[in-house]
There are 2 protein chains.
Amino acid sequence: MISPELLRRYPFFSLLNESQLKAIAMITDERTYPKDTILFKENTPATKLCLLLEGDIDLVYSGGGEGAIVNALVGSIAPGEVLGVSSMIEPYRFISSVRATVPIKVLEIDSIALLALCEVDTKMGYALMSNIATAVLERLKFTQVELAAARA
Amino acid sequence: MISPELLRRYPFFSLLNESQLKAIAMITDERTYPKDTILFKENTPATKLCLLLEGDIDLVYSGGGEGAIVNALVGSIAPGEVLGVSSMIEPYRFISSVRATVPIKVLEIDSIALLALCEVDTKMGYALMSNIATAVLERLKFTQVELAAARA
């Protein structure tokens with residue numbers, strides 16, 4: 001577990017109250033990983049929602065295991081952003097792999113426990129799911145721009 | 001307004017109860033549009049969440065008004081899918097334009113009214129926002145695959 005104070009600094013959790021932050025802090029750990037760590041692997045079960053504290057991360061798509069395409073860069077994550085949003089969204093499988101391009105520090109939230117909290121406290125669930133949707137839409141927007149540029 | 005029965009047919013609303021469906025039906029209209037209608041225009045305020053009943057729709061990105069890229073196809077919508085998800089997500093602006101490739105029939109939900117309902121009934125808000133996040137992630141997945149292919 002971590003201090004609830006650490007969560008409070010990030011806009012992702014800004015709508016939550018004291019006891020909600022405390023509940024999430026209890027299912028969260030802070031971890032560091034060396035450069036080149038594959039934190040999530042495409043098309044595997046997603047059970048961690050993460051927030052990048054320090055470092056940089058690439059999103060890599062490798063063809064869904066079909067081998068058609070190998071390790072195409074499809075996005076990146078900067079400090080303060082969430083990753084592993086697939087852990088909060090059915091069917092709870094990572095849609096791309098995630099590789100640390102430098103040493104990283106992350107908050108890792110047990111997403112199964114978080115979903116259980118959201119089911120009980122739907123006010124928190126609604127606020128967090130809105131932020132998840134915002135994060136995914138932001139990434140979609142970036143990816144559409146990249147796709148449009150690649151096709152131009 | 002439409003009949004709540006019409007909403008019940010679609011998985012997007014499957015977790016809602018009788019009175020929740022009724023409340024949404026009251027802020028929903030059924031509309032038809034001819035081929036080539038631009039239903040939403042990129043980078044304009046998003047105030048309608050739609051469900052495509054009949055027809056086909058292209059998502060088109062035109063460079064955010066900066067004129068860098070003109071009308072690149074970045075996705076498509078099939079019957080049964082939602083569109084205008086940006087109307088439920090801050091900053092509530094369409095990230096791409098939407099063009100009917102054939103005559104279409106849609107359900108149009110007043111998203112400002114829907115967000116107000118979700119604020120009050122966060123159980124419904126949580127369920128709907130989870131479905132919105134699923135729809136956006138599905139589109140992100142598709143777009144990442146297209147981007148990886150375009151870069152291969």
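Two strands pair if DSSP finds at least two bridges between them; strands (E, at least two residues) and helices (H or I, at least four residues) are DSSP runs, numbered from the N terminus. This is a predicted model: local features need pLDDT of at least 70, side-chain atom pairs count only at pLDDT 80 or more, and totals for chains, interfaces and linings use all residues. Side-chain values use heavy atoms, with hydrogens and water left out; residues are numbered from 1 along each chain as its sequence is written, and chains are lettered from A and ligands numbered from 1 in the order in which they are written.

**View 1. The four-stranded open sheet of chain B, with order β2-β7-β4-β5.** The pairing in this sheet of chain B is antiparallel. Its edge strands, β2 (38-40) and β5 (72-77) of chain B, each pair on one side only. From one strand to the next, the twist averages 35° (axes are lines fitted to C-alpha atoms, for helices over the stretch in contact, and angles run from 0 to 180 degrees between N-to-C directions). Strands β2(B) and β7(B) run antiparallel and are joined by two bridges; B:Phe40 has B:Val98 of β7(B) as its bridge partner. Between β4(B) and β7(B) there are four bridges, again in the antiparallel sense, and B:Val60 is partnered with B:Ser97 of β7(B).

**View 2. The β4-β5 pair of chain B and the helix from chain A that packs on the sheet.** Strand β4 of chain B, residues 57-61, runs antiparallel to β5(B), with five bridges joining them. Opposite B:Asp58 stands B:Ser76, a residue of β5(B). The helix α4(A) packs on the sheet and touches β4 and β5 of chain B, where contact means heavy atoms within 4.5 Å. The direction of α4(A) makes about 130° with that of β5(B).

**View 3. The interface of chain A and chain B.** The two chains bury about 3,600 Å² between them, and 75% of this area lies on carbon and sulfur atoms; buried area is the accessible area (1.4 Å probe) that two parts lose on being put together, summed over both. Chain A supplies 38 residues to the contact, and chain B supplies 38 residues. Seven residue pairs, both residues at pLDDT 80 or more, are in polar contact across the interface (a pair of N or O atoms within 3.5 Å; within protein, one must be able to donate a hydrogen and the other to accept it, and residues adjacent in sequence count only if both atoms are side-chain atoms). On the side of chain A that touches chain B, at least two residues each come from β4 (57-61), β5 (72-77), α3 (111-120) and α4 (122-151) of chain A. The largest share of that side, 23 residues, is supplied by α4(A). Sorted by class, the side of chain A that touches chain B has 23 nonpolar, eight polar and seven charged residues (nonpolar: Ala, Val, Leu, Ile, Met, Phe, Trp, Tyr, Cys and Pro; charged: Asp, Glu, Lys and Arg; polar: the others, Gly among them).

**View 4. A salt bridge between B:Glu146 and A:Arg151.** The closest N and O atoms of B:Glu146 and A:Arg151 are 2.2 Å apart. The rule (a side-chain nitrogen of Lys or Arg within 4 Å of a carboxyl oxygen of Asp or Glu) finds two salt bridges across the interface of chain A and chain B.

**View 5. The open sheet β1-β8-β3-β6 of chain A and the helix α3(A).** The four strands of this sheet in chain A pair in the antiparallel sense. At the edges are β1 (28-33) and β6 of chain A, each pairing on one side only. Six bridges join β3 (residues 48-54) and β8 (residues 104-110) of chain A, two strands that run antiparallel. Within β8(A), A:Val106 is the bridge partner of A:Leu52. Helix α3(A) lies across β3 and β8 of chain A and runs at about 50° to β8(A).

**View 6. The β6-β7 loops and their backbone geometry.** Most residues other than glycine have a negative phi, and most peptide bonds are trans. The bond from A:Glu90 to A:Pro91 is cis, with omega near 0°, and A:Pro91 lies in the loop between β6 (82-83) and β7 (97-100) of chain A. In that loop of chain A is also A:Tyr92, not a glycine, with a positive phi of about 55°. In chain B, the bond from B:Glu90 to B:Pro91 is cis, with omega near 0°; B:Pro91 is placed in the loop between β6 (82-83) and β7 (97-100) of chain B.
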